[in-house]
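Please look over the chain displayed here before reading on. The report after it is meant for someone meeting this structure for the first time.

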Amino acid sequence: MNSLKSQLVWIVCLFLNFSYSQTGPGGVGNSANNALWLKADSGTSTTISGQPINLWNDISGNLNNASQTNINQQPLYYDSVINGYPSILFDYSQTSGQNDFLSGDDASNLDNTNGLTVFSVVRPTHLGNARSIISKRTDVGNNQSYMFFFFNSNYYYVDIDGNNNRFSTSNTTFNSNTNYIISTLYDGTLPTSSRVKVFSGETLITTASESSDFIPDYNSPFTVGATHKNDSRGFGGYISELVIYRKALNTAERIIVNNYLSSKYNEPLTSNDIYVQDDASNGNFDHNVAGIGQATDGSNHTDSQGTGIVRISNPTALNNNEFLFWGEETKNPTYNFSTNTINYTEQLNSRWRVSRQGNLGTVTVSFDLSNINLAGKQSCSTLQLVVDNNYDFSSPEEVYNLSIVGTTATATGVTFSNNRYFTLRYTDQIVWDGSNFYNGSGTANNPCNTDQCYKLTIKAGTTVTLTENAYVREVKLETGATLKITNGILLETENQILNNGTIDLLGEAQLIQHHSGMNSNSGTGSLIIRQQGTSNLFNYNYWSSPVNRNGTWKIGYLEDATGPINFTSGLNGNALTSPITVSNKWLYTFKGPIGNYYYWSKISTSNDLVPGVGYTMKGSGATTTEQEFVFKGTPNSGDYILPVASNTEYLIGNPYPSTLDANQFIIDNESIIDGTLYFWESFSTNNSHYLSNYEGGYATYNLMMPLAAIADASGLISNNGTASKAAPTRYINVGQGFFTKILNSGNITFNNAQRSFAKESLNETIYYKTNSKSKAISTEDTRPKIWFTFTDPNGYTKYLGLGYDQSTTYGYDRGYDAKTYDSFKNDINWLVNDESLIIQAIPEINLEDQLPLALKVTNAGSYKFGIDKMENIPDDLHIYLLDNAQNIYYDLRNNETKLFLNTGADKQQFSIVFKKSSLLDTTTFDNKGITTTYNAITKTLELHTTNLLSSVESFKIYNIIGQEVLSIKSPKSNTINVSQLGNGVYILKVETTTNNDIESFKFLKY
């Protein structure tokens, strides 16, 4: 044997032994003892019927291939001869002398043994003179290991180690054109008189004497279809399968191989025909038959795989004359999974059936998955072995979860009753068939929020309502199907939606998709989602569509409960028509320079709006306070990008059929936007289309805190002065539009990671429309926050926010401080470095802080200062309104303060402070005999000392966080102009030349 062949044999043997220990015919043998295995259904050089073959490959793993280079002596391949299986025809010609045969090189595993078992499946056509099936010799009697052939009077002959002990089946003859399974066993360890046995099927027809107790390692080729290479006497007939073991098989092994061959070639056995599922009445499970068991003589075989993918081993209660066989229904399977429409599992497209004789106890069952593509299919559900007495597996008797290691799936403790079917399956989908759910983890097999690995399928023409939260991999609605989601229920999908029916989100039901990238939702159907807006004819809603049609949205697609709404070019809508009528005169988008009101863009009902763009629309004039609008289309999902330019404002909105997490949106866009979102709220008392008569304001939200919009006494202020209109929450409602300021050019980005589930009915979201009664209160955020109120003589209340976050500074922090967005006749704001803010965020509570306020008083009268609410504020923290001009402290924590303010009152007169302190006196500051006075009118600080001014080396002023804001070296005057400083608390340091003394004074500039 050449070295390359030896290496290949070793590699193949190693692989087969590692993979499965018994992969020979019927699961008997491996490459170590199965020396040659030629079968016409595998390894031939052609598979075209009627064509010659020049090579027949050995599939035992030993590479003992048989070939023929002489085209005139090449046998012919036929694709369906015995039971539909192919066979090789070896022609015999008495006249030409060109008889067909194949031969292979000498190999020591073909002889050099004290045991040999040979199986052949043949159909002779010309019985007569020396019709050899297989031989290993160089010439007649020379280097002759063995020869098995038909000869004189149509007997079957056997030569072992030369022809000195040749014998025939003298009591049994064979016929031409008849199928046979013939096996010969040689065992050199037995007594001479009984060393060779010949079987036809499972019938013992001859026991013969053989003097040789060992077959030597002869240097001779093997020949298929001839007695040797130079003999003109050919076989004359079909050979379908030829197997040589280099050992004498035991009784159990022989029975298993014969049952395998009998089933495959439809040749019944006269005895030990144990596997009966190959019968037509049992379904013709003819293929890849294998078995385990124990014969009556106690010999056994307990581990088999054979030609198929199923391996069974380890019987726990094996006794004499007990066997388990299995065979497959599919001849040459190309494995895949398809849906079993009875129970909607994904089932392998081939089945096996067992024949059991006796009771072997439980067994271990393994499947070779190397030719089964499970990629992307069985990603998170368990692959299962199912066993049933019904072919359809409608209600399996036994289900076993398989553990997968590499490409092998295994179940232990498996019980097979006789005649049972088995196959593989996994669960991939939850299905509603019109009557029942299948495979869900919820009540009555409904989908629930633990089913994210499954697809949800609603069958064609059916209707179902989800009543519990569900999280699935994807959703498919077949044609005409309807999926209703109960009010307040969340449907989540990991991936896309294929909708050829209707998904109806009822009430506050929402849909969230978690995939990344672009929207992959498809289908001819629609998602329906509803949202309520103001019905006031004169008030705007800011909208953004949660659905699209062909990628965009037109306002003309809007519906009410009765169908697509009507539009009029008149000033007013009409709620009395059916469907309602809305004015198209008030449809606008906005994208323009910050603070430039005139960049509103008029649009029509047919303009295409991409997801994420906001638009305005006024109410219908219904007598109810709210009007319901219906959005119908493909649900928006995935990434949406809106290009923007710096120093602009943009009316955008929540593009999804779920709430939007404002925090995540701000964080994702923090390099582009200023970090504050503004939500328009109109007064319910508005009754004019004239801009000058509009009353309302913007509610505000950023990472620090929310602020409610300005409220009017008649509509939005209750009797106790508390706003009934809540501030925005972290979660932006479905369909809600809002403004944001763009600081840097780039792209505003929406993505599925920003989506969340929150309900307005639970105070988790606020939709900005008139007369909402919800009030959102944070239960998660532990940062300290205070909401201040300022109410003018007309009853309008403005809100200011103060929050503490360790990531902020005393300067302006994007996303935490909020700049004033709208202005009112009577107004109040924080004043930070001459910047007007409505939300101020600072690092931590500091009793020394003095936070200046900026007032605008247009109408003289009684004003109220108060606190609306607080979160996480220490019980002992004092909160004062300080009148800087009169040095008067008003306790806001315990009382609302009412002050009469004149028109033109000092706009920087007041501050918020947290302690009363003489250091905050606004006139005189004293330290070691040196005093200072501050003149609020001239904005000057004057130093009074008995020392000469020449002894002063410098004046230095620091803000409250230690930053130097002013420095004067060798001052020429004892007066310091601080008008350029913003209002607040400062520290003056006077450095003298005498002993390098430094004196410090704390003062308030206002």
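What follows goes from the chain as a whole to its nonpolar cores and then to single residues.

## Overall form

The model shown is a predicted one, and its chain contains 3 helices and 83 strands. The radius of gyration is 46 Å, well over the 30 Å that the globule rule gives for 1006 residues, so the chain is more spread out than a compact globule. Along the principal axes, the C-alpha trace spans about 145 × 85 × 50 Å.

Of the 1006 residues in the chain, 57% count as buried. Where contacts join residues at least 6 apart in sequence, 66% of them link residues at least 24 apart.

## Surface and charge

The accessible surface of the chain amounts to about 38,600 Å², and carbon and sulfur atoms account for 45% of it. The chain carries 66 positive and 90 negative side chains, with the centres of these two sets lying 5 Å apart.

## Nonpolar cores

In soluble globular proteins, nonpolar side chains tend to be buried together. In this chain the largest nonpolar core has 107 residues, and the members that touch the most others are Leu483, Tyr615, Phe665, Ile748, Phe865 and Ile912. Strand β69, which covers residues 835-842, gives the most to this core, with 5 residues. Apart from the largest core lies another one of 41 residues, including Leu38, Leu110, Phe148 and Ile205.

Ile912 shows what surrounds one of these core residues: with neighbours within four places in sequence left aside, Ile912 is in contact with Phe788, Trp830, Leu851, Leu853, Ile879, Tyr880, Leu881 and Leu892, and also with Asp849 and Gln850.

## Buried residues in a strand and a loop

Lys785 belongs to strand β65, residues 785-791, and Lys785 is buried, with a relative accessible area of 4%. Although Lys785 and Lys869 are 84 residues apart in sequence, their C-alpha atoms are 8.5 Å apart in space. Lys869 is also among the residues that Lys785 touches, together with Met704, Met705, Leu802, Gly803, Met870, Glu871 and Ile873, when residues up to four places away in sequence are not counted.

Thr227, by contrast with a strand residue, has its place in the loop between β16 (222-224) and β17 (237-245). Thr227 is buried, with a relative accessible area of 0%, and beyond its neighbours within four places in sequence it is in contact with Ala130, Ser132, Ser135, Arg137, Met147 and Arg233.

## Loop residues with some exposure

Asn320 is found in the loop between β21 (310-313) and β22 (322-328), where it is partly exposed, with a relative accessible area of 41%. Asn320 touches Gln294, Ala295, Thr296 and Gly298, not counting residues up to four places away in sequence. The C-alpha atoms of Asn320 and Gly293 are 8.1 Å apart in space, with their positions 27 residues apart in sequence.

Ile845 lies in the loop between β69 and β70 (850-856), and Ile845 is partly exposed, with a relative accessible area of 29%. Outside the residues up to four places away in sequence, Ile845 touches Pro784, Tyr804, Pro874 and Leu877. Between the C-alpha atoms of Ile845 and Arg123 the separation is 100 Å, and these two residues are 722 residues apart along the chain.

## Backbone details in loops

Two residues other than glycine can be picked out here for a positive phi, which is near 70° in Asn419 and near 65° in Asp834. Asn419 is in the loop between β30 (408-414) and β31 (421-426), and Asn419 is partly exposed, with a relative accessible area of 30%. Asp834 is in the loop between β68 (827-832) and β69, and Asp834 is exposed, with a relative accessible area of 56%.

The peptide bond that runs from Ser578 to Pro579 is cis, with omega near 0°. Pro579 lies in the loop between β48 (566-568) and β49 (581-583).

Methods:
Residues are numbered from 1 along each chain as its sequence is written. This is a predicted model: local features need pLDDT of at least 70, side-chain atom pairs count only at pLDDT 80 or more; totals for chains, interfaces and linings use all residues. Side-chain values use heavy atoms; hydrogens and water are left out. Helices (H or I, at least four residues) and strands (E, at least two) are DSSP runs, numbered from the N terminus. The radius of gyration is taken over C-alpha atoms; the globule rule is 2.2 Å times the number of residues to the power 0.38. Buried means under 20% relative accessible area, exposed over 50%, partly exposed in between (1.4 Å probe, protein chains only). Contact means heavy atoms within 4.5 Å. Accessible areas come from the Shrake-Rupley method with a 1.4 Å probe; for residues, only the protein chains shown count as cover. Lys and Arg count as positive and Asp and Glu as negative; His and the chain ends are not counted. The place of a charge is taken as NZ of Lys, CZ of Arg, CG of Asp or CD of Glu. A nonpolar core is a set of buried Ala, Val, Leu, Ile, Met, Phe, Trp, Tyr and Cys residues joined through side-chain atoms within 4.5 Å.
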